[in-house]
Amino acid sequence: MPAQKDDEKLFQPYDLGDIRLANRVVMAPLTRNRATAGTDAPNDLMVEYYRQRSGAGLIVTEASQISQQGQGYIHTPGIYTDEQTRGWRKINDAVHEAGSKIFIQLWHVGRISHVSLQPGGGAPVAPSAIRANSKTFVASGFVETSEPRALDASELPGIVADYARAAERAKEAGFDGVEIHAANGYLLDQFQKDGSNHRADAYGGSIENRCRLTLEVVDAILKVLPAGRVGIRLSPVSPANDVADSNPQAVFDYLVRQLDARKLAYIHVIEGATGGPRDVAPFDFLALRKAFSGAYIANNSYDRALAVETLARDAADLIAFGRPFISNPDLVERLRRDAPLNALDAGTLYGGGAEGYTDYPTLAA
Ligand code: 8OZ
């Protein structure tokens with residue numbers, strides 16, 4: 001057999017858990033705030049956006065709240081009502097028709113929220129009553145996150161059940177699988193890291209205790225979906241949304257060993273600070289890859305050259321691209337041809353309509 005050119009691997013099929021991907025390029029989850037006002041249901045504009053990006057081997061949807069309590073920004077889509085589930089079904093049909101696969105990212109923001117988005121205008125919930133030094137965006141624009149209240153342990157089974165119900169709905173909507181959002185300083189990451197988790201009960205203190213809620217969520221979802229259809233996103237050293245841990249290597253070495261025992265399809269790892277830089281803190285990401293027998297999806301500021309090089313030395317199985325997919329609907333084709341990429345318009349990232357969303361040109365156009 002002729003030696004494989006390094007840059008061919010990115011475009012070859014890959015068996016991820018229970019499904020076959022057409023190539024090794026993943027569209028990373030990207031918050032775009034275009035869900036329908038009032039219902040937070042996916043709509044036809046979102047169908048078009050995802051359909052345009054179906055060249056990806058796998059699409060991971062934008063983060064989607066599992067409950068109203070889990071919402072932290074305006075116009076993000078939910079996966080907890082019938083209307084939302086029907087909206088996602090249309091997206092899934094379009095993506096499948098175009099030959100791609102799609103997982104929904106299940107999201108609970110925890111303390112990264114604002115009273116104006118919470119049920120009854122209440123306080124956002126968190127492991128501990130510590131406000132994040134972070135902003136969110138609501139009807140009036142960018143605002144400081146609201147002071148959270150600490151969850152009572154008696155409330156946690158209800159949140160775990162919300163994740164399981166969302167996984168049921170994901171199945172009903174025709175998704176190929178789900179990705180648990182345990183990254184970027186949202187609820188599960190707030191529990192995992194000791195900067196935001198000061199609890200004295202079974203969910204705080206030791207690493208085992210701080211990872212307990214994440215693993216309870218995983219186990220509840222595994223009663224709904226086979227492990228080959230479940231992945232998880234982690235950001236061990238990202239300071240996104242004001243989280244930090246005093247020993248992230250120990251936390252994530254432990255967590256990934258537990259995830260490996262459950263045979264999840266993949267871990268999706270943000271290497272460094274979300275959105276860059278990649279070298280924000282020392283961390284052995286290869287140790288996570290070695291501890292996990294499923295797929296390792298690498299993410300964070302990858303370009304073509306770094307993706308090719310990373311696959312060539314077998315440091316990842318799949319590469320997730322975020323921002324390049326916003327401005328290049330045909331990103332895979334452009335990578336294949338090593339063609340130039342469209343520039344990103346930062347002004348149309350969050351909210352609005354088709355402008356800066358479905359109107360980026362393809363090479364063919
Ligand atoms: C950007 C803006 C709002 C939310 C994440 C879900 O960082 C997000 C997000 C990103 O995971």
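## Getting oriented

Helices and strands here are runs assigned by DSSP, numbered from the N terminus. Keep in mind that this is a predicted model.

With that labelling, Pro277 can be placed in the loop that runs between strand E12 (266-270) and helix H8 (285-291). The peptide bond joining Gly276 and Pro277 is cis, with omega at about 0 degrees.

## Another loop to look at

On the other side of E12 there's a loop coming from helix H7 (248-261), and Lys263 lies in it. Lys263 isn't a glycine, yet its phi is positive, near 60 degrees.

## Around the ligand

So where does the ligand sit? You'll find the ligand in the largest pocket. Its surroundings are made up of Thr31, Ala63, Tyr73, Trp107, His181, Asn184, Tyr186 and Tyr350. Sort that shell by type and you get 5 nonpolar residues, 3 polar ones and no charged ones.

Two side chains are worth zooming in on. His181 has a side-chain N or O atom 2.7 Å from an oxygen atom of the ligand. Asn184 also reaches a ligand oxygen, with a polar side-chain atom 2.8 Å away. On its own the ligand would expose 300 Å², and the protein buries 80% of that.

## A hairpin

Now have a look at strands E7 (residues 135-138) and E8 (residues 141-144): they run antiparallel, and 4 bridges join them. Getting from E7 to E8 takes a hairpin with 2 residues in between. Which residue of E8 is the bridge partner of Thr136? That's Val143.

Terms used. Residues numbered from 1 in each chain as written. Predicted model: local features only at pLDDT ≥ 70, side-chain atom pairs only at ≥ 80, totals over all residues. Heavy atoms only, no water. Near = heavy atom within 4 Å. Polar contact = N/O pair within 3.5 Å; in protein donor to acceptor, adjacent residues only side chain to side chain. Areas by Shrake-Rupley, 256 points an atom, 1.4 Å probe, with all protein chains shown as cover. 1 Å grid on protein atoms, 1.4 Å probe; cavity = no way out; pocket = protein on both sides within 12 Å on 5 of 7 lines; lining within 4 Å. Sits in = over half its atoms within 2 Å of the grid points. Nonpolar A, V, L, I, M, F, W, Y, C, P; charged D, E, K, R; others polar. Pairing = 2+ DSSP bridges.
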